[in-house]
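This report goes through a two-chain model, starting with the contact between the chains and then turning to each chain and to selected helices.

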Amino acid sequence: MTILTFTLILLAGAYLAGLVGSLTGLGGGVVVIPLLTLVFQVDIRYAIGAALLASIANSSGAASAYVKEGITNIRLGMFLEIATTVGAVIGALLAVYTPTNTIAVLFGCILLFSAAMTLRKKNQAALTEGSRTSAFLKLNGSYPTAEGPVEYKLKNVGAGFSIMTVAGVLSGLLGIGSGALKVLAMDSTMHIPFKVSTTTSNFMIGVTAAASAVVYLQRGYMDPAIAFPVVLGVLGGAFTGAKLLKRLDPKVLRYIFCTAIVFVAVEMMYNGFQHKF
Amino acid sequence: MTNTNNKTKNLGDRDIELLVGRLLRTGVVTASCIVLLGGILFLIQHGASPMPSYHHFAGESANYTTFDGILSGVMQLNAKGIVQFGVMVLIATPVLRIALSLIGFVLEKDLLYVVITTIVLCVMLFSTIGGLKV
């Protein structure tokens, strides 16, 4: 295969990964890793490097729109980024001592978990009683809806912060945004309305991924020839996905893709156990 | 807090939100354009060569892993160096976003969040120059 053919196929694959990632809410980075390792036989370390870049591009692109709409809770994002960035640096350090097969198995588990998370019931209700910590940290806020702004309050800030640290470690170790864990921390633990938790999670993914990306860049995990089609493809796919989401209800699509993701996850775990990475 | 105080505070928050949104978009668009430019140049120069094996991890050379290496690659119009420069701009975008938020919190005199944002910036700085590549 020539470099040109490889680049074009990878570009098309990354486009699809971005599309699937955006329609399911999993994020393009998560889909790029199995694509690179299972389909193109790329070493998982290069795949992690490329996926981190895709996550940053996706997050920054989408966040720019959400922030303008005023849905994202910037203070909450900033506060929780302490947890995710520290976690991400620890994760990137752990990656050196973790065998690639273990990373693949772990990745499969997280992928399964993320697919399950996108199908679960979402928290829409806003809390009216918040905890004292959340008031002290000025984390309570409001977000615009069709019926005017809705006020919401938070609780279990400490527990949410701890889950965020784990999300950061996994993000640094596996090269993914770990949006599913971030949403779990905010949605189920801190009781933030779904719209705020997804957009704030998305907002944080860029910074979290950047914290480990600088380590991976210096470690030589980022190959320009892979990064170039992956970043552009995933961004293009995510852009198309965002446009499609405005016009169609992705419920059926989400089920189909999540089933597909389950197979991919099992394949990753199987190959990991077979020491194929 | 009085009503007027509340209003000005919200106004400040909103301005920062809009600026942050614009910064993020500009960063991604700029990085993509640089990556695309370098990518096209790379394909023109090497498109016909056989694909290297990515199956075995070798790691990138210092030309693509250090700031100086990447910058000198850009100066020599090295295609991969240009792509890697775009990658650097992409990674820098969220870091600049934190810096912008910091300025915003300083202007709002929100001491608590000045401290929180500074902590996050320090973590980023540590991960960049902390010699963690092992």
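In this predicted model, 54 residues of chain A are in contact with 52 residues of chain B. On the chain A side, the elements that each supply two or more residues are α1 (3-24), α3 (44-69), α4 (74-97), α9 (194-219) and α10 (224-247). The largest share comes from α4(A), with 12 residues. Sorted by class, the side of chain A that touches chain B holds 36 nonpolar, 11 polar and 7 charged residues.

The two chains can be set side by side as follows.

| Property | Chain A | Chain B |
|---|---|---|
| Secondary structure | 11 helices, 2 strands | 4 helices, 0 strands |
| Order of elements | α-α-α-α-α-α-β-β-α-α-α-α-α | α-α-α-α |
| Buried residues | 60% of 277 residues | 36% of 134 residues |
| Contacts at separation 24 or more, among those at 6 or more | 80% | 59% |

In chain A, the two strands follow one another in the order of elements, with helices before and after them. The radius of gyration of chain A is 18 Å, close to the 19 Å that the globule rule gives for 277 residues, so chain A is as compact as a globular protein of that length. Along the principal axes, the C-alpha atoms of chain A fill a box of roughly 60 × 40 × 30 Å. Of the contacts in chain A with a separation of 6 or more, 80% are made by residues 24 or more positions apart.

Chain B is made up of helices as far as its elements go, with 4 helices and 0 strands. Of its 134 residues, 36% count as buried. Among the contacts in chain B between residues at least 6 apart in sequence, 59% join residues at least 24 apart.

Helix α4(A), which gives 12 residues to the side that touches chain B, also packs within its own chain. Its partner there is helix α7 (residues 157-174) of chain A, at an angle of about 35° and with the axes 6 Å apart. The crossing of α4(A) and α7(A) is right-handed. The contact of α4(A) with α7(A) has 16 nonpolar and 8 polar residues, and no charged ones.

One residue of helix α4 of chain A is Val96(A). Is Val96(A) buried or exposed? Val96(A) has 11 other C-beta atoms within 10 Å, and because a residue counts as exposed at 12 or fewer, Val96(A) is exposed. The C-alpha atoms of Val96(A) and Ser178(A) are separated by 19 Å, and the two residues lie 82 residues apart along the chain.

Helix α8 (residues 179-189) of chain A is mostly covered, with 10 of its 11 residues buried. Among the buried residues are Leu181(A), Val183(A), Leu184(A) and Met186(A). Lys182(A) and Asp187(A) are also buried, as are Gly179(A) and Thr189(A). Which helices do the buried residues of α8(A) pack against? They pack against α5 (100-119), α7 and α9 of chain A. Of these, α7(A) also packs with α4(A), while α9 is one of the elements on the side of chain A that touches chain B. Just after α8(A), His191(A) takes a positive phi of about 60°.

Methods. Residues are numbered from 1 along each chain as its sequence is written. Chains are lettered from A and ligands numbered from 1 in the order in which they are written. This is a predicted model: local features need pLDDT of at least 70, side-chain atom pairs count only at pLDDT 80 or more; totals for chains, interfaces and linings use all residues. Two residues are in contact if their C-beta atoms, placed from the backbone, lie within 7 Å. Ala, Val, Leu, Ile, Met, Phe, Trp, Tyr, Cys and Pro count as nonpolar, Asp, Glu, Lys and Arg as charged, and the others, Gly among them, as polar. A residue is buried if 20 or more other C-beta atoms lie within 10 Å of its own, exposed if 12 or fewer, and partly exposed in between; C-beta atoms are placed from the backbone. The radius of gyration is taken over C-alpha atoms; the globule rule is 2.2 Å times the number of residues to the power 0.38. Axes are lines fitted to C-alpha atoms, for helices over the stretch in contact, and angles run from 0 to 180 degrees between N-to-C directions. A crossing is left-handed if the near helix is turned anticlockwise from the far one by less than a right angle, and right-handed if clockwise.
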